[in-house]
Amino acid sequence: MPKSLIDMLPEIVAQGKKEVERILARAQSDNKMMLQTNEYVLPARDESGLFRGEIRACCPPDNMNSCDTDGWFNRLIHGDNLFAMQALLSGDPATGLPSMRGKIDLIYIDPPFDSKADYRTKINLPNGDIEQKPTVLEQFAYSDTWADGTVSYLKMLYPRLCLMRELLSDQGSIYVHCDWHAGHYVKVIMDDIFGKNNFVNEIVWSYRSGGASRNGALPRKHDTILFYCKQTASFSLNSQIERQYLEKPFMGSKQDEKGRYYVDTILRDVFEGAPWIVKDAGIEQYNMRPVLNLSSERVGYATQKPEGLAQMLIEIASNKNSIVADFFGGSGTTAAVAEKLGRRWITSDIGKPSVMIMRKRLIDIPNCKPFLYHSIGDYSREAFLSDRQYKRVSDLARVVMRLYGALPFDNADAPTNIGYMRDTRTLVIVDSPNKITNAGTIKRAMELRESFMGGWKKVIVLGWNFSFDIGDKLSKLPKNEIEVLVIPPDLLDMLRKKDYRDWVNNQKIRFTSLQYLTLKQPRVLSANQDGKEKLVIELDNYVLLSPDCLPLDDDSKAVVQNIMAEKPFDLIEYWSIDPDYDGHTFRSVWQDYRENTANDSDELRVTHSAELIVDKVPGKRTICVKAVDVFGFESQAIIEV
């Protein structure tokens, strides 16, 4: 008889504790998880085609630690939250971030708990809508989470909750949003991690729509939010909790100095409509209705929660300048509300569509403070183990090598991820699915081309995931010496359906080139202002990797192919400009994105040019432009004027 979930709970806890011990030990070692800074975002969307502003007022180009933000930067992180929390525990010296252990005052998470959820992303394009399947990293994460149903879900959640406890300050607290799928089991493991005595409350969020039960009767109309504190002795709720006055005595009610009956509650609107409630004590300000399709809050995210819910929870358990975190960022509600309420924030998500939604949502907030956009610099966890076909990186590398048409070396001393093309002096390197193929990868590949076994005429790198600036790095190297190709993101799915030898014989696996962005030569015009000049920056072309390499069905690939041929800029989700690029940190002082109709009436396209009034600089000016397409691929172009 198979073990029940109750039988497996001790095993889940034991495995989770071992993983946490390993992570905490690594955070204290030299082999730390690090954050890669993609952008320093100064929210300034294009509204009239002309940007004027104090571009450098917030941060000098050469010292991220001397800004006027008391050394703090809000942070948006793309990547597995297990890695993100490891990096936060280690700290980020490059941006002046100390270890965040014991520094976060409030954590709210709404982890996905529907094992049958469809994680495809719908993309609206001028020529028609398409659907994109999850990226390779997202596929690993989702398949890991639900491989064995609730057991896998709890195995995923346990170590993450442990790390969240490490990050919480002594006066900190955590909200975990659950529904009927696993909420009762989550309560059990949270009692184990945070201590049953540190359980503050079980909050019931009742909503009016959806939630039909399996048989259509007694529909489900609520979620549960589990509320724990780090230490009962140090924790106190915000003084905003008010008394709920009653018209007559009720179970648990008290009397004040004037003899009026009341109850202490933080969810006053739960009782809305009851005849015994005094109506002048409502909390309409929180607007806790579901986010419907026509809501002004709606950002196109399936599990989006209302800002009123987040506002109430944040105001209850944090204060001005408190650090608030959400490690399942989703649509960005927690970060957006924290920004509006004057809290500091950290948010992360493994989904690239989610991160793009959050970035745009934050930029749209009036007077949003600058924030850092990070990715995880090292995906060292062997996520592909969940595939259960390939237990080692080397096994998968050899399969990819054969699919490309290369042969592995017979020499036992040769790296297992390196092969060669028969009858040519071409070296082939297969990168790991857990790594970002970046400038360091390119450097090592060129070194191997020159020195490995006497040298080679050319080296080809096959990669899964790529750094945003890799296209620019490659453009500076001879094309006849190095080439970087993309491994199809749905390759593992293909290999599950058919043995790799069948794919080799059919020759249907296509490895395609990277996308890239080109600019027209910028123009510098006099702005008739002392010490100022006007820059005119225009996009020239955007070339996307082949649609055959995208996780799309055939109809969607045809739509994309047509756009690529006729109007490639229609594929750009957003683009941003750093007019004084220092070669290290990209500072986006201007950006335009789809759905921005402040500069035109077209919500499905970006503008193709920008005018910026900037301070004059002596000598040459280095301009960096970054573009992110609707699939989340990032390109970067650098040009001097």
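This report describes a ten-stranded sheet, the strands at its interior, and the helices that pack on it.

The coordinates come from a predicted model, in which the protein has 14 helices and 32 strands. Buried residues make up 53% of its 641 residues, and of the contacts with a separation of 6 or more, 69% are accounted for by residues 24 or more positions apart.

**The sheet**

The sheet is open, and its 10 strands follow the order E8-E9-E7-E4-E13-E14-E3-E15-E1-E28, with mixed pairing. Its edge strands are E8 (199–206) and E28 (587–588), each of which pairs on one side only. Strands of a sheet pair through backbone hydrogen bonds, in either the parallel or the antiparallel sense. The pairings around E14 and E1 are set out below, each with one pair of residues that stand opposite each other.

| Strands | Sense | Bridges | A facing pair |
|---|---|---|---|
| E3 and E14 | parallel | four bridges | His 78 and Asp 349 |
| E13 and E14 | parallel | four bridges | Ala 325 and Ile 346 |
| E1 and E15 | antiparallel | six bridges | Thr 37 and His 374 |
| E1 and E28 | parallel | two bridges | Tyr 40 and Arg 587 |

**Strand E14 and its surroundings**

Strand E14 spans residues 344–349, and because five of its six residues are buried, this strand is largely enclosed by the rest of the structure. In the sheet order E14 stands between E13 and E3, pairing in the parallel sense with E13 (residues 323–326) and likewise in the parallel sense with E3 (residues 74–78). On the E13 side, Ala 325 has Ile 346 as its bridge partner, while Asp 326 stands opposite Thr 347; on the E3 side, His 78 stands opposite Asp 349. E13 is also linked to E14 through helix H7 (residues 333–340), the three elements together making a right-handed β-α-β unit.

**Strand E1 and its partners**

Strand E1 is mostly covered, with seven of its seven residues buried. In the sheet order E1 lies between E15 and E28; E1 runs antiparallel to E15, to which it is joined by six bridges, whereas its pairing with the edge strand E28 is parallel and rests on two bridges. Thr 37 of E1 has His 374 of E15 as its bridge partner, and Tyr 40 stands opposite Arg 587 in E28.

**Helices on the sheet**

The sheet that runs from E8 to E28 is also packed against by helices. Helix H2 (residues 81–90) packs on this sheet, touching E1 (35–41), E3, E14 and E15 (371–376), and its direction makes about 140° with that of E14. Helix H5 (residues 183–194) likewise packs on the sheet, where it touches E7 (168–178), E8 and E9 (222–229), and its direction makes about 5° with that of E9.

H5 also packs with helix H4 (residues 150–167), at an angle of about 30° and with the two axes 10 Å apart. Since angles under 35 degrees count as roughly parallel, H4 and H5 are therefore roughly parallel to each other, and their crossing is right-handed. The residues making this contact include Tyr 153, Leu 154, Leu 157, Tyr 158 and Leu 161 of H4, together with Val 186, Ile 189, Met 190 and Ile 193 among those of H5.

Definitions and conventions. Residues numbered from 1 in each chain as written. Predicted model: local features only at pLDDT ≥ 70, side-chain atom pairs only at ≥ 80, totals over all residues. Heavy atoms only, no water. Buried < 20%, exposed > 50% of the residue type's maximum accessible area, 1.4 Å probe, protein only. Pairing = 2+ DSSP bridges. Right-handed = clockwise from strand over helix to strand, strands pointing away. Contact = heavy atoms within 4.5 Å. Axes fitted to C-alpha atoms, helices over the stretch in contact; angles between N-to-C directions. Parallel < 35°, antiparallel > 145°, perpendicular 65-115°, else oblique. Left-handed = near helix turned anticlockwise from the far one by under 90°.
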